[in-house]
Each structure stands twice: as C-alpha cells, then as structure tokens.
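Work through the exercises below with the sequence and the structure open side by side, and try each task before reading its solution.

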Amino acid sequence: MKSTINGERLDYEILRELSQHKEPQGAVYLSIALGDRYNVSQSTIGRKLLQFDHKGYTKKVKNTGRCLTKKGLEYLEELTDLLMGEKAKKDFFESLTPTNMKELLDILVTRRGLEKEAAYLAALNADERQINKMERILSEQKKKIEKYGTAGDEEDSQFHKLIAASSGNRVLLKAIVLVRKQNVLTEHFATVRKIIGGKVYEEHLKILNCIKNKDPNGAVKAMEEHINKIIKEFSNFSSLTDMEFESIIRDFNAN
C-alpha cells in the first residue's frame with residue numbers, strides 16, 4: 001500500500017533521488033521512482049522542480065531534466081537532519097507507550113534516573129512556598145487513603161511534578177512530566193501500587209522530609225528507594241504475556 005507524502009518530506013525525497021544520479025533526471029522518471037512508494041503525481045513533482053529551480057536548488061538541463069546544485073545539496077543535508085530529528089522524536093514518544101511489561105519497567109528505570117536528580121536539586125533549591133505546597137498535597141493524599149481507601153493518583157502526580165519544578169531545572173521538569181504522562185499506567189501508579197501493596201504516602205513523606213532538611217543525598221536515596229519498590233512490585237508481573245498486558249492497558253484506558 002502506498003503512503004502519502006507532503007511538504008518537507010517530498011522535498012527531501014525528490015532531492016535525495018536527484019543526488020543519487022550523475023545524469024540529470026526529469027519529472028517523468030521521478031514520478032515513476034517515487035510513485036512506487038508514495039501517492040504523488042507527475043504534475044506535483046513538476047511544480048516542485050520549478051520551485052527548486054527558482055530557489056536555486058536545482059539546475060535545468062535542456063531537454064534532459066534537472067541536476068542538483070551546491071545549494072540544493074546543502075538544503076538536502078538540512079532536510080536530512082530535520083527529518084532524522086522528527087523520527088527520533090517519534091521513536092521516543094512511542095517508547096513511552098509500553099506494549100509489554102519489559103517496556104514499562106524500562107520507563108520506570110528512566111524515571112528513577114530523572115527523579116533522583118530532581119530530588120537532589122529540590123533539596124537544594126525548594127523554597128518555603130513549594131515545601132508548604134508539598135505538605136498540603138501529602139496531607140490530602142493521606143486523607144484520601146485513610147477515608148476513601150484510594151491511593152491519591154492526583155496527589156501522587158502533583159507531588160512528583162512539584163519536586164521536579166522545585167529543582168529549578170526546566171528541562172528536567174519537562175522530561176519528568178512527559179515520561180509520567182505519556183502512558184496511562186504511569187498516571188495511575190499510586191492506585192496500582194495500592195492494589196499490589198505499596199506504601200506510597202510513607203515513601204513520599206520520607207522524600208519530603210529530606211527536602212525540608214536540605215539533605216540532597218538523603219532525598220536521592222529516598223527517591224531511589226521509592227521508585228525501586230515500584231520497579232520490584234511491577235517486576236512480579238514480568239511473566240505477563242503481551243496480550244495480558246494489553247488487556248490491562250485497555251482496562252485503564254476505559255477507566
């Protein structure tokens with residue numbers, strides 16, 4: 001089945017095709033070569049070639065076709081870097097949507113590294129307002145656990161996000177939010193851990209106390225222990241088949 005193509009990707013494919021030939025190539029050849037992979041017409045390619053001529057990316061050779069100019073080669077290199085970056089971004093997002101337990105554990109290991117660093121920096125940089133907000137969040141989480149028997153998913157997410165924000169590192173904050181939010185199970189770790197016996201609130205409190213005491217090494221250790229327990233608990237389900245894991249994902253999505 002042919003895929004669709006547009007914009008910069010079409011520019012890239014035409015210029016790349018031209019770069020692979022020493023002799024000039026015309027719209028007919030290019031439409032045949034690209035038509036095997038993409039839904040693109042000869043007239044579309046012809047219009048693109050005229051645009052390239054105007055911008056100096058290609059040079060028209062009378063009654064033969066086009067060849068690539070130095071400027072065209074530079075643009076092709078630029079497009080290659082751009083598209084490789086987009087592919088890397090797409091691959092990264094896909095890696096944050098696990099299809100089996102191993103991939104979920106990989107995400108947790110990634111979280112461990114990011115959140116240890118956030119805890120370290122938060123212990124150095126968190127101000128009184130941020131610490132007070134963490135205390136209120138954990139107070140609400142404790143109340144929900146005791147009164148309603150829920151694990152406080154919302155408070156869990158808020159607590160970890162606030163630690164990341166308190167680190168003072170904007171890139172770290174965005175990375176942690178992305179890793180936590182991109183797949184549905186990581187949004188509900190508190191509930192999942194309650195089901196399988198984790199003591200979420202107590203572990204959060206230990207992290208907070210280290211941050212309050214300006215103890216960065218203690219905060220790192222407490223965060224590492226916290227996420228290691230999650231990893232250990234989920235590792236108990238490593239024997240789940242891919243179909244069973246997908247069923248769990250569907251159940252969480254449904255809720």
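The exercises go from the whole chain to helix lengths, helix packing, backbone angles and single residues.

The model is a predicted one, in which local features need pLDDT of at least 70, side-chain atom pairs count only at pLDDT 80 or more, and totals for chains, interfaces and linings use all residues. Residues are numbered from 1 along each chain as its sequence is written, and side-chain values use heavy atoms, with hydrogens and water left out.

**Exercise 1. The whole chain**

Find how many helices and strands the secondary structure of the protein comes to, and what percentage of its residues count as buried.

Solution. Helices (H or I, at least four residues) and strands (E, at least two) are taken as DSSP runs, numbered from the N terminus. Counted in this way, the protein has 13 helices and two strands. Buried means under 20% relative accessible area, exposed over 50%, and partly exposed in between, with a 1.4 Å probe and protein chains only. By that rule, 42% of the 255 residues are buried. As for contacts (heavy atoms within 4.5 Å), those with a separation of 6 or more come, for 70% of their number, from residues 24 or more positions apart.

**Exercise 2. Checking the length of two helices**

Compare the expected span of α11 with the distance between its end C-alpha atoms, and then do the same for α12.

Solution. The expected span is 1.5 Å times one less than the number of residues in the helix. For α11, which covers residues 200-212, the 13 residues should span 18 Å, and the end C-alpha atoms are 18 Å apart, so the two values agree. For α12, which covers residues 216-235, the 20 residues should span 28 Å, and this agrees with the 28 Å between its end C-alpha atoms. The buried residues of α11 include Y201, H204, I207 and L208, while those of α12 include V220, M223, H226 and I230.

**Exercise 3. Three packed helix pairs**

Which of the terms roughly parallel, oblique and roughly perpendicular belongs to α5 with α7, to α1 with α3, and to α7 with α11?

Solution. Two packed helices are described by the angle between their axes and the distance between the axes. The axes are lines fitted to C-alpha atoms over the stretch in contact, and the angles run from 0 to 180 degrees between N-to-C directions. Angles under 35 degrees count as roughly parallel, over 145 as roughly antiparallel, 65 to 115 as roughly perpendicular, and the rest as oblique.

- Helices α5 (residues 101-125) and α7 (residues 153-166) pack at about 60°, with their axes 7 Å apart. The angle therefore makes α5 oblique to α7. Their contact includes R111, E115 and A118 of α5, together with H160, I163, A164 and S166 of α7.
- Helices α1 (residues 7-19) and α3 (residues 42-55) pack at about 80°, with their axes 11 Å apart. The angle therefore makes α1 roughly perpendicular to α3. Here G7, L10, D11, I14, L15 and L18 in α1 meet T44, I45, K48, L49 and F52 in α3.
- Helices α7 and α11 pack at about 20°, with their axes 12 Å apart. The angle therefore makes α7 roughly parallel to α11. In this contact D156, F159, H160 and I163 of α7 meet V200, H204, I207, L208 and I211 of α11.

**Exercise 4. Positive phi outside glycine**

Locate N63 and K214, and state what phi each of them has.

Solution. Most residues other than glycine have a negative phi, and most peptide bonds are trans. N63 lies in the loop between β1 (58-61) and β2 (65-68), and its phi is positive, near 60°. With a relative accessibility of 76%, N63 counts as exposed. K214 lies in the loop between α11 and α12, with a positive phi near 55°. K214 is partly exposed, at a relative accessible area of 43%.

**Exercise 5. Two residues of α5**

Decide whether M101 and K116 are buried, partly exposed or exposed, and find which residues K116 touches.

Solution. M101 is in helix α5 and is buried, at 6% relative accessibility. The C-alpha atoms of M101 and N236 are separated by 10.0 Å, although the two residues are 135 residues apart along the chain. K116 is also found in helix α5, but at 23% relative accessibility it is partly exposed. Leaving out residues up to four places away in sequence, K116 touches V220, M223 and E224. From K116 to A164, 48 residues away in sequence, the C-alpha to C-alpha distance is 9.7 Å.
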